[in-house]
Amino acid sequence: MTQEVKGRSFAFQEIISSASQQQSDTTKQQKSDLDEKIQYTATDSIINDVKAGIVYLYGNAKVVYGGFQLDAAFIKYDSKNELIFARGVKNERGRYSGRPIFKMDGEGTSIADSLTYNTKTGKGMIFGVFTEQEGGYFSGGRSKLQPENEVHIKNITFSTCNLPHPHFGIHISSGIATEKHIISGPLYMKFEDIPMPLFLPFAFFPKPNKKASGFILPTPLQDPTRGFSLNGFGYYMAFNDYMDMRVTGNVFTNGSFDVSAISNYTKRYKYNGGFNFTFSTTRNGLEGTPEYKPQKNFNISWQHSQNANARPGTTFSASVNAGTSSYYTTTAANSSYDINQIAQNTMSSSIAYGKVFANGLFNFTGALNHSQETQQKTITVTLPQISLNMSTINPFDSKNRLGEQKWYQKITMGYSLTGSNSVSTKEELLFDENSLKRFKNGFQHSIPFSLPFTLLNYFNFSANGNYSERWYFQSIEKRNIALATRDSVAVDTLSGFKRAGEYSIGMNMSTKIYGTKQFRNLGNIKAIRHVMTPSFNLSYKPDFAAENYGYYKPLRNYTNDVRPGFSVPLDGDNIVRDSQGNPVMYSIFEQGIYGGPSRGAQANMGFQIDNNVELKLKSKKDTTNGGEKKLSIIQGLTFSGSYNFIGKAKKLSPISFGGRSQFTDKLGLNFNGSLSPYVVGEVEHVYGTGANQTVSRTLEEIDRYVWKDGKLPRLTSIAFSFDYSLNPDAFKSRNKNLDQLNEQTKNANRSQQQIDELNAINRDPNAFVDFNVPWNLAFSYSFNYSNPLGNRSNVSNTVNFNGDVNLTPKWKVQFNSGYDFMSKTLSYTSFSIYRDLHCWDLSASWIPFGTYASYSINIKVKAAVLQDLKLSKRMNYYTKF
């Protein structure tokens with residue numbers, strides 16, 4: 001008897017006796033007595049041959065049995081023999097579609113041309129399979145499912161190409177795949193279905209479910225300077241699921257070698273990081289030449305980040321990059337040839353800890369910092385730097401206050417403490433016997449307070465004050481030694497605790513002035529609006545160079561005697577005086593890390609005027625605001641300066657100005673400069689006394705305003721710059737994809753090489769290749785002019801540009817360059833060519849001239865699982881032969 005149902009989607013289920021499902025191995029646990037259910041559906045029709053026990057499913061057929069799921073255009077279920085058969089169908093154009101898509105319990109989804117599966121034994125036969133496993137794809141051939149999750153395979157191709165018919169792959173003639181490994185018979189490489197002469201008679205591939213230790217095979221390369229090499233060989237140690245280490249090395253035939261130890265660690269929801277130490281011995285010349293002498297370098301890097309929710313109120317982070325200054329240039333960035341690392345001239349590190357306590361009232365931070373300048377080989381180390389900040393409070397306000405604050409309840413107060421212990425020196429002097437004596441240390445306290453109020457509803461006032469105090473454990477004493485040809489100043493460091501306090505009081509005022517002009521017959525311009533924000537502040541600070549404070553001392557003449565304690569002040573008036581006869585004063589804290597109190601009384605009035613101008617225009621595109629849009633002509637045009645009422649000379653400071661203008665969504669201009677109100681003239685200076693006295697004349701600003709001579713203030717400096725992109729979609733696309741890459745890096749276990757490649761993309765504006773953006777051209781321009789005294793000007797005038805273009809949908813050319821109009825030379829210039837080969841990448845980069853002139857050509861598989869399958873050719877920037 002045959003039953004046929006058509007015209008709608010139906011779902012049925014049958015009960016299969018659990019007795020038939022029992023395993024033959026009696027040592028294993030038997031299945032429960034509950035019956036397994038097989039469910040099946042179809043959207044076209046279901047034909048049930050009751051007598052034969054066969055069900056035919058047509059159109060989007062689906063069968064679910066335990067952990068086995070199957071979808072296909074046609075499925076036949078033989079309930080008597082407990083067999084499931086599935087295949088696709090040919091449409092009216094003769095194309096084979098509706099292939100079986102199946103999924104086993106705990107496995108990924110696979111596609112096949114056809115398959116047979118026995119629900120009783122768990123065995124099956126699969127033809128033309130296509131499945132993804134651990135970043136690779138298996139396709140073609142035949143696969144036979146066996147019990148215990150074992151699969152017998154024949155004529156299967158493994159590739160990282162995601163096409164059912166891949167461009168390349170490893171052809172496995174026969175093999176057995178289990179949950180933990182693959183055992184293969186003869187296998188060979190093939191490209192575009194062409195077998196390669198490289199083959200293996202058998203192979204064993206482990207498939208561990210967790211990290212496993214093992215040896216790392218080297219990559220043979222050739223360096224024109226250091227010779228042939230084996231790169232990246234070593235050993236990988238998987239301590240556990242949370243920490244590992246990789247020890248690798250590079251060995252060159254000229255005697256150079258590199259050794260690296262890289263460790264990554266993570267604790268879920270807590271923290272993650274990585275540590276890298278590299279030591280290199282490099283020879284870059286022929287034997288017998290000075291360059292052949294080994295150059296020893298090292299580099300340490302450490303990255304640590306803490307999950308924000310791990311310890312609320314407490315933070316810890318580390319970003320360390322330290323080592324010898326010549327490490328990157330000498331080792332070609334550990335043979336990575338990353339031009340961005342090689343060309344860098346600074347290295348810096350920071351290890352920071354922070355904690356918020358007392359219900360958020362106090363915030364403590366401590367940090368260890370380091371910075372290096374690789375050209376001059378100077379280094380600055382701060383061990384440590386601390387700060388303690390208190391949130392602003394209203395000390396006279398009541399927690400239970402009702403109604404508005406009284407004037408004294410508006411008084412606010414804060415507190416901050418900073419401390420530092422640092423040294424700046426040459427690299428070779430950092431660890432010598434006198435290094436501890438070079439450290440400068442001290443503490444600084446600051447207590448600000450203010451009282452805000454409003455006058456006449458339009459003027460905002462704020463009375464303020466600040467008290468600061470510095471604590472030092474060292475101070476200085478200066479001695480002027482009169483020599484035969486010139487005077488010399490000796491500086492003696494005195495140990496002992498010293499404190500220096502200073503204070504200031506002031507008043508601030510600000511308001512806003514609006515001006516609007518409407519237009520009726522001025523084209524698309526409907527109105528112009530000008531907003532001016534003037535602000536003034538008055539401040540007073542006494543002269544802390546007064547004798548009663550003891551912070552400043554006059555410079556005195558001493559006898560010339562190098563013996564300790566034998567140099568004494570000269571008799572008589574031994575004070576050193578300047579050309580006007582005033583004593584030369586010095587601060588005993590001038591070498592302190594936070595300096596000392598200021599010299600000279602100050603009663604300043606500061607002023608600033610901020611301007612914003614915008615137009616209201618008619619717009620046919622923007623209909624959301626009544627067909628109008630706003631265009632900012634001037635944003636933040638600011639003029640500022642100060643006047644010292646009790647200053648002895650040059651009471652008015654230079655006038656600074658700056659601002660920005662956004663002409664379009666793609667073009668914005670930034671500018672700033674300075675104006676001097678003083679006349680320039682020759683000033684006579686007298687140095688020394690008696691026979692050592694010398695007189696010189698220099699061109700300087702004198703205390704006379706230019707407008708007294710009928711002139712405007714002098715322009716002493718001006719600078720402006722702008723950036724422009726002809727295709728802003730390229731910029732948006734790059735940022736979007738980089739954000740995705742960064743997010744994937746955080747949430748995935750990646751190899752160090754993959755992490756390094758992602759970091760290189762972030763550093764290089766041309767490293768990201770997006771074939772969806774057909775072209776892009778961006779450039780930036782900067783101009784700087786300075787002429788403080790009107791007799792000698794310094795001008796820099798540069799333009800930088802970069803971009804890319806798709807020659808075809810698969811070919812892209814990128815470039816990056818610039819031009820200095822003053823030196824009439826091109827800046828760092830590079831060209832790159834990319835070819836998208838679907839599952840492969842072809843790239844070539846070229847730096848045609850300059851210090852880092854070089855080229856490289858690479859062809860490699862995109863997927864990281866076959867990252868060693870690549871071919872490289874390069875000419876290094878440091879090659880001498």
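**Exercise 1. Classify the residues that line the second largest pocket, and state which strands supply them.**

*Solution.* By class, the lining holds 16 nonpolar, 16 polar and eleven charged residues. Here Ala, Val, Leu, Ile, Met, Phe, Trp, Tyr, Cys and Pro count as nonpolar, Asp, Glu, Lys and Arg as charged, and the others, Gly among them, as polar. The model is predicted: local features need pLDDT of at least 70, side-chain atom pairs count only at pLDDT 80 or more, and totals for chains, interfaces and linings use all residues. Residues are numbered from 1 along each chain as its sequence is written, and side-chain values use heavy atoms, with hydrogens and water left out.

Next, consider the strands (E, DSSP runs of at least two residues, numbered from the N terminus). Strands E34 (459–482), E45 (678–687) and E46 (694–705) each supply at least two lining residues. E46 gives the largest share, five residues.

**Exercise 2. Describe the surroundings of Ser676.**

*Solution.* First, locate the residue: Ser676 belongs to strand E44 (residues 667–676).

Second, assess its accessibility. Ser676 has a relative accessible area of 3% and is therefore buried (under 20% relative accessible area, 1.4 Å probe, protein chains only).

Third, list its contacts (heavy atoms within 4.5 Å). Leaving aside residues up to four places away in sequence, Ser676 touches Glu701, Pro713, Arg714 and Thr716.

Finally, examine the polar atoms. The side chains of Ser676 and Glu701 make a polar contact at 2.6 Å (a pair of N or O atoms within 3.5 Å; within protein, one must be able to donate a hydrogen and the other to accept it, and residues adjacent in sequence count only if both atoms are side-chain atoms). In addition, a polar atom of the Ser676 side chain lies 3.5 Å from the backbone nitrogen of Tyr678.

Note on methods
Helix = DSSP H or I, 4+ residues; strand = E, 2+ residues; numbered from the N terminus. Buried < 20%, exposed > 50% of the residue type's maximum accessible area, 1.4 Å probe, protein only.
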